[in-house]
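Trainee: I've got a new model open on my screen and I'd like to learn how to read it. Can you take me through it feature by feature?

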There are 2 protein chains.
Amino acid sequence: MLQKVLIAEDYESSNISVQKALEDLGISHDIKNQVYYCDDALARIKKAMSEGNPYDLLITDLSFDDDHTKQIITTGNALIKAAKDVQPDLKILVFSVENRLSVAQHLFKECDIDAYVPKGRRDSQDLKLAIETISKGGRYLSGNLKKEEKAEIDYDFSVVELAIISQLAQGTSQKDIPHYLQANSITPFGLSSVEKKLGSMKAIFGFTKNEQLIAYCKDKNII
Amino acid sequence: MLQKVLIAEDYESSNISVQKALEDLGISHDIKNQVYYCDDALARIKKAMSEGNPYDLLITDLSFDDDHTKQIITTGNALIKAAKDVQPDLKILVFSVENRLSVAQHLFKECDIDAYVPKGRRDSQDLKLAIETISKGGRYLSGNLKKEEKAEIDYDFSVVELAIISQLAQGTSQKDIPHYLQANSITPFGLSSVEKKLGSMKAIFGFTKNEQLIAYCKDKNII
DNA sequence: CCTGTTTTTACGGGAAACCGTAAGCCTCGA
DNA sequence: TCGAGGCTTACGGTTTCCCGTAAAAACAGG
């Protein structure tokens, strides 16, 4: 059974509806168990642990808006990893606008989360179902996730590649990118290497133009 | 005073927290007065009008997710315009993730909306304040909007320009774009015109490369 | 230390994009 | 009808990018 639940969600409106979902399920929920920042969430988890009264479940968003208040942990992903470090048995439910199946699957695999629910048309019902499933010891992957049609290639861009792409997107001409890379001690920095990297990235995705690559990276929030 | 309020918001969780905000303000809210699609919203507004019991306020999102159910109106913007057509005195409150000041200002000017509240860290409080202000006959522009630093250029891209940009982003080589434009009867379609349009767009924004233009348009959700 | 392999860089020919100029075309008003 | 001005297109030279090849450098194993 779930008794102690922590909500990490920056948007007050989302936060409130998560609380309401918990209420609807008859799970008591103290106002102190909801936070708007990742750092606060981790602090709560640590404190609860040290007091011998740890949380059963963490419901967290993935993206948190930047703010005037400087934070150490800025993404749900990092929060999950940090939380699992201090309390490996903590159950995790991710509640995010991100609705790509591949992203959710990645979280199950890499971070050993217990449920994934995307925000959307029926998200509150979805959320309740997920919480109930977890409380029964199960795992829950929402059916509302968008399965990418053409078998998404999940390619990990290297540091150089990301640097090249973002320089391009900022208008740096290709022949000037070596200077930039060298100035930031990123290797390899030769013009040939830049050209080759661009060529190989485009080949991987079946693109023909740099513009396509930029569009892709923007769509996937890679840059 | 506000008595009859319609909520048009596709995400159930957001919808719920808007309802809760209304409750907190002591505004009675029938479950029938919340919809998940723009078309439903317009139908409700029309029906209420014809029954001589029109709505006082429409609280709407701007973006609505696509779905298996085909809709005529698919954006909050179009809904607002359509609603104003059937009931010009209807008050409008926009509640959206979009947090650019320029977008909000544009809505006040073009669509004569009464309040703009971006989703964010304190959005429920913000929302309540907005509703109260409207009920007193005022207008409300949230202070949580991001004022674009370097005086955003708000440039209206023409049909040709958008076509060129999206073709580029899809990998069409520049010299093949004329074929595409002609096939879709978009003018002008000469290669020179394509080059000139690209040149002028880049000049306007101070860009040097097409990649920058693509990145910009992706960021602004133009393509 | 030597050798084979991989990675990085250099070079050069060809293609695409860029940009200025000029010619063609349409529109509008005298 | 004619001519001026704006818009569109055609053309050519220059720059940038693309891509294959090969030299140079870094690396690993013996």
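Mentor: Sure, and let's begin with a word we'll need a lot: a residue is called buried if its relative accessible area is under 20%, and exposed if that area is over 50%. Bear in mind that this is a predicted model.

Trainee: Okay, let me try that on a charged residue. Is B:Lys119 buried or exposed?

Mentor: B:Lys119 is buried, because its relative accessibility is 8%.

Trainee: And what does the side chain of B:Lys119 meet in a salt bridge?

Mentor: Its partner is B:Asp61, at 3.6 Å from N to O. B:Lys119 sits in the loop between strand E5 (115-118) and helix H5 (123-135) of chain B, while B:Asp61 is in the loop between E3 and H3 of chain B, so the pair ties together parts that are 58 residues apart in sequence. B:Asp61 is buried too, at 4% relative accessibility.

Trainee: Which residues do salt bridges with shared partners join into one network?

Mentor: That network is made of A:Lys84, A:Asp112, A:Asp114 and A:Arg139. Over all chains, the salt bridge count comes to 23.

Trainee: Why does the pair of B:Asp67 and A:Arg121 join two chains?

Mentor: Look at where each partner lives. B:Asp67 belongs to the loop between E3 and helix H3 (76-86) of chain B and A:Arg121 to the loop between E5 and helix H5 (123-135) of chain A, so their salt bridge links two chains. The N to O distance is 3.4 Å. B:Asp67 is partly exposed at 28%, whereas A:Arg121 is buried at 13%.

Trainee: What about B:Asp219 and A:Lys218?

Mentor: Their side chains form a salt bridge as well, at 3.1 Å from N to O. B:Asp219 lies in helix H9 (residues 210-219) of chain B and A:Lys218 in helix H9 (residues 210-219) of chain A, so this pair joins two chains. B:Asp219 has a relative accessible area of 48% and is partly exposed; A:Lys218, at 16%, is buried.

Trainee: Now a charged residue without such a partner. How far from A:Asp39 is the nearest side chain of opposite charge?

Mentor: That side chain belongs to A:Lys46 and is 8.8 Å away, while a salt bridge has to fall within 4 Å. A:Asp39 is buried and has no salt bridge. Check the backbone before you move on, though: the side chain of A:Asp39 reaches the backbone nitrogen of A:Ile72 at 2.6 Å. A:Asp39 itself is part of helix H2 (residues 38-50) of chain A, and its contacts beyond four places in sequence are A:Gln71, A:Ile72 and A:Ile73.

Trainee: On to sheets. In what order do the strands of chain A run?

Mentor: Read across the open sheet and you get E2-E1-E3-E4-E5-E6, 6 strands with parallel pairing. Strand E2 (34-35) and strand E6 (140-141) are at the edges, each pairing on one side only. Further in, strand E4 (residues 91-96) and strand E5 (residues 115-118) of chain A run parallel and are joined by 4 bridges. A:Ser96, for example, has A:Pro118 in E5(A) as its bridge partner.

Trainee: And which way do the side chains of strand E3 of chain B point?

Mentor: They split between two faces. B:Leu57 and B:Ile59 point one way, B:Leu58 and B:Thr60 point the other way, and all are buried. E3(B) is joined by 4 bridges to strand E1 (residues 5-8) of chain B, and by 4 bridges to strand E4 (residues 91-96) of chain B.

Trainee: Last one, the DNA. Which residues come closest to DNA strand D?

Mentor: A:Gln174, A:Glu195, B:Gly190, B:Ser192 and B:Ser193 are the closest of the 13 residues that surround DNA strand D. Sugar and phosphate make up 60% of the DNA strand D atoms that come within 4 Å of the protein. So look at both kinds of contact: the side chain of A:Glu195 has an N or O atom 2.8 Å from a base nitrogen of DNA strand D, and a backbone N or O atom of B:Gly190 is 2.8 Å from a phosphate oxygen.

Trainee: Which helix gives the most to the surface near DNA strand C?

Mentor: H8(A) does, with 3 residues. Near DNA strand D, H8(B) gives the most, with 3 residues.

How values were computed: Residues numbered from 1 in each chain as written. Chains lettered and ligands numbered in written order. Predicted model: local features only at pLDDT ≥ 70, side-chain atom pairs only at ≥ 80, totals over all residues. Heavy atoms only, no water. Buried < 20%, exposed > 50% of the residue type's maximum accessible area, 1.4 Å probe, protein only. Lys, Arg positive; Asp, Glu negative; His and termini not counted. Polar contact = N/O pair within 3.5 Å; in protein donor to acceptor, adjacent residues only side chain to side chain. Contact = heavy atoms within 4.5 Å. Pairing = 2+ DSSP bridges. Near = heavy atom within 4 Å.
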